[in-house]
Amino acid sequence: MDIRSLSLEELTSQLILSGEKKFRAKQVYEWLWQKGARSFDEMTNLSLDLREKLKEKYELPVVTLDKLQRSADGTVKSRFRLHDGHLIESVLIPVVADDRFTVCVSSQVGCSLTCTFCATGRMKRLRNLTAAEIYDQVFLVNEQCLEIFGKPLTNIVYMGMGEPLLAFREVVGSIDRITSHTGLNMAPRRLTVSTAGIAKMIRKLADEDTKVNLALSLHAADDEKRNEIMPINETNNLEAIIESLEYFYAKAKKRIGFEYITFQDFNDSLEDAERLYQICRRVPSMVNIIEYNPIDNAPFRKSSEHRIDDFATYLRDRGIMVTVRRSRGKDIDAACGQLANKA
């Protein structure tokens with residue numbers, strides 16, 4: 001049994017049944033979550049006898065660093081190896097001037113959604129990550145952030161490999177651990193779940209009352225174009241998705257983020273901006289316009305800076321909150337799935 005699959009209450013009950021004092025469970029739990037122990041042998045305030053008992057009864061599968069790339073702009077990409085040999089990625093994105101340090105974490109090994117512009121979409125979905133494996137990414141990248149920049153992580157985005165809402169239980173479990181005082185104790189407002197748009201699961205996330213932020217990877221503001229680049233839209237069209245976002249806002253009272261990668265001569269015209277504006281009118285929202293980070297053999301080019309700026313200005317002039325995110329890590333394999341695909 002993976003010991004980190006147990007709640008504190010479950011671990012306490014099991015240790016008491018094996019003859020241990022109740023406080024031992026809290027000690028073990030602190031080692032697992034707050035101190036990031038990589039093995040039972042590291043739990044030095046436990047007796048040797050108890051450590052041996054834990055080894056006999058439980059497993060402690062951990063995530064380990066397989067490869068690290070550092071960009072000239074400060075971006076750090078980590079390829080992590082799981083206990084079964086699978087590879088995943090996390091990206092540390094620093095904005096040092098604003099004291100903002102964001103980690104983009106994976107939720108699945110591969111992905112089943114086959115978005116045409118995404119390197120991860122070319123990989124089969126092999127399995128969901130566990131809540132502990134998602135947590136490990138955050139813990140390890142936080143250590144990197146402290147070592148490189150002298151500051152802890154400030155934000156977490158579930159926007160790496162995989163679709164978070166198709167690993168729902170594991171993602172919610174990781175949120176619980178990251179925000180718990182027995183875990184990393186991060187405020188839920190610092191966490192954002194980014195989805196390609198699965199209407200019923202957006203509603204389910206609203207019902208969970210996690211208090212995290214929600215972002216929709218939109219990338220096209222009409223069904224015809226979105227079907228072309230994101231096949232998930234064929235079963236979750238824009239109207240169904242927007243209605244689910246309205247439901248999420250009514251429950252959570254949190255502004256929705258729209259992630260919008262602009263592709264040259266595909267979705268970056270002022271007509272596209274107008275269609276996006278009409279969606280933004282439906283629910284309190286903000287738009288992140290993202291410069292495309294090209295991948296090999298993809299049929300897209302990034303939009304020119306002046307087209308991106310015109311697009312953003314069109315929305316701002318109509319009262320929409322807009323940020324433009326220039327591509328980071330251009331000199332490394334920073335696009336989602338690139339480094340894992342190489343292996």
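**Notes on Gln144 and helix α4**

1. Let's start with who sits around Gln144. Leaving aside residues up to four places away in sequence, Gln144 touches Leu65, Leu68, Val76, Ser78, Phe80 and Phe149. Keep in mind as you look around that this is a predicted model.

2. One of those neighbours deserves a second look. The side chains of Gln144 and Ser78 make a polar contact, at 2.8 Å.

3. Is Gln144 buried or exposed? Its relative accessibility is 10%, and buried means under 20%, so Gln144 counts as buried.

4. Now zoom out to the helix. Gln144 belongs to α4, which covers residues 131–149. Of the 19 residues of α4, 14 are buried, so the rest of the structure largely encloses this helix.

5. Here's a check you can follow yourself. How far apart should the ends of α4 be? At 1.5 Å a residue, its 19 residues should span 27 Å. The expected span is 1.5 Å times one less than the number of residues. In the model, the end C-alpha atoms of α4 are 27 Å apart, which agrees.

6. Look at what comes just after α4, too. There, Gly150 takes a positive phi of about 75°.

7. Last, the cysteines. A disulfide is a covalent bond between the sulfur atoms of two cysteines. How many disulfides does the structure hold? Zero. As for where two of the cysteines sit, Cys104 is buried, with a relative accessible area of 14%, and Cys118 counts as buried too, at 18% relative accessibility. Both values fit the cut-off for buried, which is under 20%.

Key: Residues numbered from 1 in each chain as written. Predicted model: local features only at pLDDT ≥ 70, side-chain atom pairs only at ≥ 80, totals over all residues. Heavy atoms only, no water. Helix = DSSP H or I, 4+ residues; strand = E, 2+ residues; numbered from the N terminus. Buried < 20%, exposed > 50% of the residue type's maximum accessible area, 1.4 Å probe, protein only. Polar contact = N/O pair within 3.5 Å; in protein donor to acceptor, adjacent residues only side chain to side chain. Contact = heavy atoms within 4.5 Å. Disulfide = S-S within 2.5 Å.
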